[in-house]
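Colleague: I should like to go through this structure with you. May we begin with a residue on the surface and then move inward?

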Amino acid sequence: MATFLYKLGRLAFRRRHFVALIWVALLTLAGVGAASAPAAGTTSFSIPGTEAQKAFDLLEQRFPGASADGATGRMVFKAPEGQKMTDAANKATVEKTVKQLGDGSEVISVSDPFTTHAVSRDGSVAYTSVKYKLPGMELADSTKTALEKAGDEARATGLTVDVGGDALQAAAEPGAVGEAVGIAIAAIVLVITLGSLVAAGLPLLTAIIGVGIAGATITSLANALDLGDTTSTLALMIGLAVGIDYALFIVSRYRGELADGRDHEEAAGRATGTAGSAVVFAGLTVVIALAGLAVVNVPMLTKMGLAASGTVVVAVLIALTLIPALLGYAGRKVQPAGQKKSRRNKKGEQLTDAPTAALSDAKGDTSEKPAGPNMGTRWARFVIRRPVAVLMFGVLGLGAIALPVTQLELGLPDDGSQSTSTTQRRAYDLLSEGFGPGFNGPLMVVYDAQGVADPQAGVDKLADKIKGLKDVVTVTPAQFNQAGDTATITVIPNSKPSSTQTEGLVHAIRDESAGVKAETGATVLVTGTTAMNIDFSQKLNDALIPYLGLVVGLAFLLLILVFRSILVPLKAALGFLLSVLAALGAVVAVFQWGWLSGLIGVDETGPIMSMVPIFMVGVVFGLAMDYEVFLVTRMREAYVHGESPSDAVVTGFRHSARVVVAAAIIMMAVFGGFISSSESMIKLFGFGLAIAVFFDAFVVRMAIVPAVLALLGKRAWWLPKWLDRVLPNVDVEGEGLRTLDDDNRPKDEDRELVEV
């Protein structure tokens with residue numbers, strides 16, 4: 001592996017014009033494809049195998065032309081203080097608005113609140129529902145404008161008017177200001193770490209090119225593959241973070257090779273061969289974790305994982321090819337100002353000082369030799385002296401932060417989780433005020449009466465049973481299809497959609513369906529947005545353990561191959577579990593309990609989004625293995641080259657700690673930038689991933705890992721002999737490159753030096 005990547009790095013360095021042209025062409029091609037691709041429609045949300053999805057599919061079949069997936073708009077009116085909606089003037093305004101809304105070509109129906117009893121008991125609030133032929137994202141702009149205009153005109157009469165539902169659905173903004181701040185912080189960290197504007201600019205430039213190609217490709221395929229806005233935003237978030245980090249590791253190693261006196265092409269080759277090998281395996285763990293989301297069998301989640309993993313693949317390829325090419329253009333400018341002078345012969349070629357190279361060969365270390373112990377060295381020595389105390393502090397600290405996970409409640413966001421500045425949230429609150437929170441999440445009960453002798457009597461009996469259940473406010477009369485073999489009943493709960501009481505009601509209705517089936521032979525199914533959310537949460541919970549087993553198992557085998565050890569990969573997996581549980585605990589404390597929620601703009605606390613645990617497991621596992629590979633491969637490299645286990649830990653920290661810390665801060669800055677998003681899902685993921693990186697990089701990898709390795713000693717690198725013989729040697733440590741030193745040393749006649 002190292003030898004192949006070494007040759008690839010040198011080739012990219014020599015053919016830098018060609019390599020740069022290829023990536024510019026790919027970026028241009030992706031951009032043209034994105035610009036010419038049809039606009040993406042609404043992302044379909046399906047959950048194969050669940051009762052709610054079966055009911056939805058049945059409705060599509062039995063109620064043709066009803067546009068079950070069409071958008072809905074709910075306009076809510078509130079009368080001024082001291083007035084009622086039934087007052088003549090207010091009633092006239094509502095009736096005019098209803099007529100105005102019904103004129104649209106994409107409108108199927110508009111309900112009249114005075115004939116459908118959609119006026120609150122005290123008369124202060126009323127609402128009208130608009131049903132459209134197309135999903136929200138596919139509605140014409142003129143249709144959305146007409147809805148907004150009707151609301152504005154009604155509001156001008158003195159009524160309070162707000163619009164909910166998905167008819168005004170639009171692309172989510174990821175928080176451009178916060179994202180820019182995150183990139184700016186990343187740039188500052190790079191400059192401080194590398195001491196050169198050029199060196200700092202390379203990771204940023206290549207990361208932007210990578211996410212540009214990946215993002216444009218996702219946009220090009222969005223319509224054909226039914227990809228949503230959240231898919232591209234999460235791919236951007238992850239691709240930008242890993243793109244900067246992967247490039248940083250190679251640039252940092254390249255500077256170390258230059259400091260050892262190697263010429264630029266050789267340094268680029270060796271940096272790609274050593275740090276590049278770590279990049280490949282780190283990227284593989286991220287890809288495995290993200291692509292593994294397909295085992296959940298939720299199409300939306302599968303697409304999100306595959307899109308993000310594709311972005312990571314692009315980041316790896318750019319790090320291995322474009323970075324060496326750009327290093328060829330940068331020359332000595334990647335070094336700090338004080339180190340840009342170098343020794344060259346008459347031909348202008350930088351030469352390796354023979355004694356320095358020989359010393360490097362003897363020690364088996366080809367990286368920069370600091371004059372004295374740096375912060376990483378001092379910290380590693382401190383941990384080695386007190387491994388038990390550091391280990392206990394790290395484990396107990398993360399364990400305490402993880403405690404809120406025991407109170408984790410899952411659900412999916414609705415309008416009630418949006419910012420109070422949005423009209424959707426205000427409409428949600430008005431409905432809750434006038435009719436109760438359950439009106440925001442009605443349940444739909446589907447009665448399949450095929451083969452039933454008396455469908456009407458059977459559905460009436462079912463309605464009576466539902467009315468007797470706890471937490472039921474209203475049960476509407478059954479509505480049959482034209483064939484008379486399928487009916488729907490709308491059930492209004494007494495609690496809000498995301499509450500545990502509503503979930504209990506869904507299960508209670510489903511329990512009643514077994515008795516109905518036995519008595520009449522009819523099949524009863526519960527669906528609707530709330531039921532879909534409940535089924536989605538359950539499906540994700542059921543898939544979490546198999547997913548963990550698959551992802552952790554595959555990554556464990558991969559890390560055995562990389563480290564040629566059993567205990568090191570095991571320690572890496574256990575450390576990951578600690579960091580992800582602590583991150584989930586922090587998410588629960590902030591987004592569910594409301595601790596410090598005001599600092600990051602959380603307007604509404606409540607259940608955590610269902611997909612957060614499993615998606616965070618995938619992403620955090622991949623990122624955690626990044627730091628594990630980058631940090632521990634350097635320790636492994638030192639150990640293989642003859643250092644004692646304790647010295648190898650110190651050596652690994654001396655060369656890698658500074659860069660790993662910088663990489664973690666950059667990732668936190670990039671992820672943290674998305675906290676400013678108005679989309680609750682993006683905000684939650686930004687916070688969760690940022691805090692997870694903090695826990696994993698600074699507690700697990702920088703404290704728990706060296707403590708465990710110090711306690712294990714040589715046992716950490718133990719591998720059964722039979723397994724050692726079976727495993728292929730991927731040479732991540734660059735052992736094969738040491739044989740190249742003799743060939744690359746300058747001859748005596750070339751040692752006449754000039755000072756540049």
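Modeller: Let us start with Leu-554, which counts as partly exposed because its relative accessibility is 40%, where partly exposed lies between 20% and 50%. Please note that this is a predicted model.

Colleague: Where is Leu-554 placed?

Modeller: Leu-554 belongs to helix H17, which covers residues 529-563.

Colleague: And which residues make the nonpolar surface patch there?

Modeller: Val-295, Leu-550, Leu-554 and Leu-557 make the patch, with an area of about 330 Å².

Colleague: Now the interior. Which residues touch the most other members of the largest nonpolar core?

Modeller: They are Tyr-246, Leu-301, Tyr-447, Met-611 and Met-616, in a core of 181 residues. Helix H21 (residues 680-712) gives this core its largest share, 18 residues.

Colleague: What is Leu-301 in contact with, leaving aside its neighbours within four places in sequence?

Modeller: Leu-301 then has contacts with Leu-293, Val-296, Leu-540, Met-611, Ile-614 and Phe-615. There is also a second, separate core of 21 residues, and Met-75, Met-85, Tyr-132 and Ala-167 are among them.

Colleague: Changing topic, how many residues has helix H14?

Modeller: Helix H14 (residues 423-435) has 13 residues, and from first C-alpha to last it reaches 18 Å, close to the 18 Å expected.

Colleague: Which of its residues are buried, and what covers them?

Modeller: The buried residues of H14 are Thr-423, Gln-424, Arg-425, Ala-427, Tyr-428, Leu-430, Leu-431 and Phe-435. Their cover includes strands S1 (72-78), S3 (125-132) and S4 (160-165).

Colleague: What follows H14?

Modeller: Gly-436 follows H14, and the phi of Gly-436 is positive, near 105 degrees.

Technical notes
Residues are numbered from 1 along each chain as its sequence is written. This is a predicted model: local features need pLDDT of at least 70, side-chain atom pairs count only at pLDDT 80 or more; totals for chains, interfaces and linings use all residues. Side-chain values use heavy atoms; hydrogens and water are left out. Patches are made of residues with over 30% relative accessible area and no salt bridge: like charges are joined within 9 Å, nonpolar side chains (Val, Leu, Ile, Met, Phe, Trp, Tyr) within 5 Å. Accessible areas come from the Shrake-Rupley method with a 1.4 Å probe; for residues, only the protein chains shown count as cover. A salt bridge is a side-chain nitrogen of Lys or Arg within 4 Å of a carboxyl oxygen of Asp or Glu. Helices (H or I, at least four residues) and strands (E, at least two) are DSSP runs, numbered from the N terminus. Buried means under 20% relative accessible area, exposed over 50%, partly exposed in between (1.4 Å probe, protein chains only). A nonpolar core is a set of buried Ala, Val, Leu, Ile, Met, Phe, Trp, Tyr and Cys residues joined through side-chain atoms within 4.5 Å. Contact means heavy atoms within 4.5 Å. The expected span of a helix is 1.5 Å times one less than its number of residues.
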